[in-house]
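Visitor: I have a model open and would like to go through it by question and answer. Where should we start?

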Amino acid sequence: CGFAIATGEHTDSTRGRRAMIDASHERLTDYERTIIAMRGDGRFRSNLEMLACCALGLSEETAEVAQAVHYGHAGPVLNELGDVAWYAITAAHRLNTTLTQLRAIPAHAPAQDVDDSIRGMVTAAGLFAGRVKKWLYHDKPLDHELALRDLACVLLRAEQIADWHERTLEDAFAENIAKLRKRFPSGGFTAAEANARADETK
């Protein structure tokens, strides 16, 4: 996968890149507009902090996809794929890349079965986390092109997993939006609503 984009620095403020994404708001999908509203960007002091959150989130959510596939129920799988997409797309936004651009990054990711897709997704998420870790702790500049390739591969593998369950990634997007709107009835992220998890109450 290849996608050239300028690199950033540790101290890079979120404002500049967020402004770039906002400037192309008309090119965002409805799903992207919703997650921008829900994700609570003000909690993060820098791009690095937000990307670290996304790296941790992808590590957790890709594992939960694997767990859901193991138990063989399409509903939970789709729900977890929506969470994977949330983190992958949010991270891409921090690298000034929209969902449409991310999906256009070429990726060669053949899969013989769903287990191949899961392994590929978890591997790509781990590679992305490693790049962010080295940026955070080793003072190594983040290679945005490689980071975006990792995120594109995560998304492609998520699409494959949805397909193995006779669903689409757009189905996962729709479920994720419905969950977010139930979880955050105020219309945006709050810690209280995140912990209350209204979407999980019976």
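Visitor: Which residues of α6 are buried?
Guide: This is a predicted model, in which local features need pLDDT of at least 70 and side-chain atom pairs count only at pLDDT 80 or more, while totals for chains, interfaces and linings use all residues. Residues are numbered from 1 along each chain as its sequence is written, and side-chain values use heavy atoms, with hydrogens and water left out. Buried means under 20% relative accessible area, exposed over 50%, and partly exposed in between (1.4 Å probe, protein chains only). The buried residues of α6 are Val 114, Ser 117, Ile 118, Gly 120, Met 121, Ala 124, Ala 125, Phe 128, Val 132 and Trp 135.

Visitor: Against which elements do the buried residues of α6 pack?
Guide: Helices (H or I, at least four residues) and strands (E, at least two) are DSSP runs, numbered from the N terminus. Contact means heavy atoms within 4.5 Å. The buried residues of α6 pack against α3 (47–71), α4 and α7.

Visitor: How far does α6 reach from its first C-alpha to its last?
Guide: The expected span of a helix is 1.5 Å times one less than its number of residues. α6 has 24 residues, for which 34 Å is expected. The reach in the model is close to that, at 34 Å.

Visitor: Which residue caps the N-terminal end of α6?
Guide: The cap is a polar contact, a pair of N or O atoms within 3.5 Å; within protein, one must be able to donate a hydrogen and the other to accept it, and residues adjacent in sequence count only if both atoms are side-chain atoms. Here a side-chain oxygen lies 3.1 Å from the backbone nitrogen of Asp 115. That oxygen belongs to Asp 113.

Visitor: Which residue takes a positive phi just after α6?
Guide: The residue is found in the loop between α6 (114–137) and α7 (144–164). Its relative accessible area is 59%, so it is exposed. Its phi is about 60° although it is not a glycine, and it is Asp 139.

Visitor: What is the phi of Asn 96?
Guide: Asn 96 is found in the loop between α4 and α5 (99–104). Asn 96 is partly exposed, with a relative accessible area of 25%. Although Asn 96 is not a glycine, its phi is positive, at about 55°.

Visitor: Which element gives the most residues to the largest nonpolar core?
Guide: A nonpolar core is a set of buried Ala, Val, Leu, Ile, Met, Phe, Trp, Tyr and Cys residues joined through side-chain atoms within 4.5 Å. The largest has 53 residues, and those with the most contacts inside it are Leu 58, Leu 81, Phe 128, Leu 151 and Ile 161. The elements that give two or more residues to this core are α2 (30–38), α3, α4, α5, α6, α7 and α8. With 11 residues, the one that gives the most is α4.

Visitor: Which residues does Leu 81 touch?
Guide: Leu 81 is one of the residues with the most contacts inside the largest core. Leaving out residues up to four places away in sequence, Leu 81 touches Val 65, Met 121, Ala 158, Ile 161, Ala 162 and Ala 172.

Visitor: Is Glu 32 buried or exposed?
Guide: Glu 32 lies in helix α2. Not counting residues up to four places away in sequence, Glu 32 touches Ile 89, His 93, Thr 98 and Leu 99. The relative accessible area of Glu 32 is 0%, so Glu 32 is buried.

Visitor: How many residues apart are Lys 179 and Asp 83?
Guide: Their side chains meet in a salt bridge (2.5 Å, N to O), that is, a side-chain nitrogen of Lys or Arg within 4 Å of a carboxyl oxygen of Asp or Glu. Lys 179 is buried at 11% relative accessible area, and Asp 83 is buried at 12%. The pair links helix α8 (residues 169–183) with helix α4 (residues 74–94), distant parts of the chain that put Lys 179 and Asp 83 96 residues apart.

Visitor: Which residues are linked with Arg 197 in a network of salt bridges?
Guide: The side chains of Arg 197 and Glu 200 meet at 3.0 Å, N to O. Arg 197 is partly exposed at 35%, and Glu 200 is partly exposed at 49%. The network links Arg 197 with Arg 183, Asp 199 and Glu 200.

Visitor: What is the mean pLDDT of the protein chain?
Guide: pLDDT is the predictor's confidence in each residue, from 0 to 100. In this chain 85% of the residues reach 70 or more, and the mean is 83. Over residues 1–26, however, the pLDDT is below 50.
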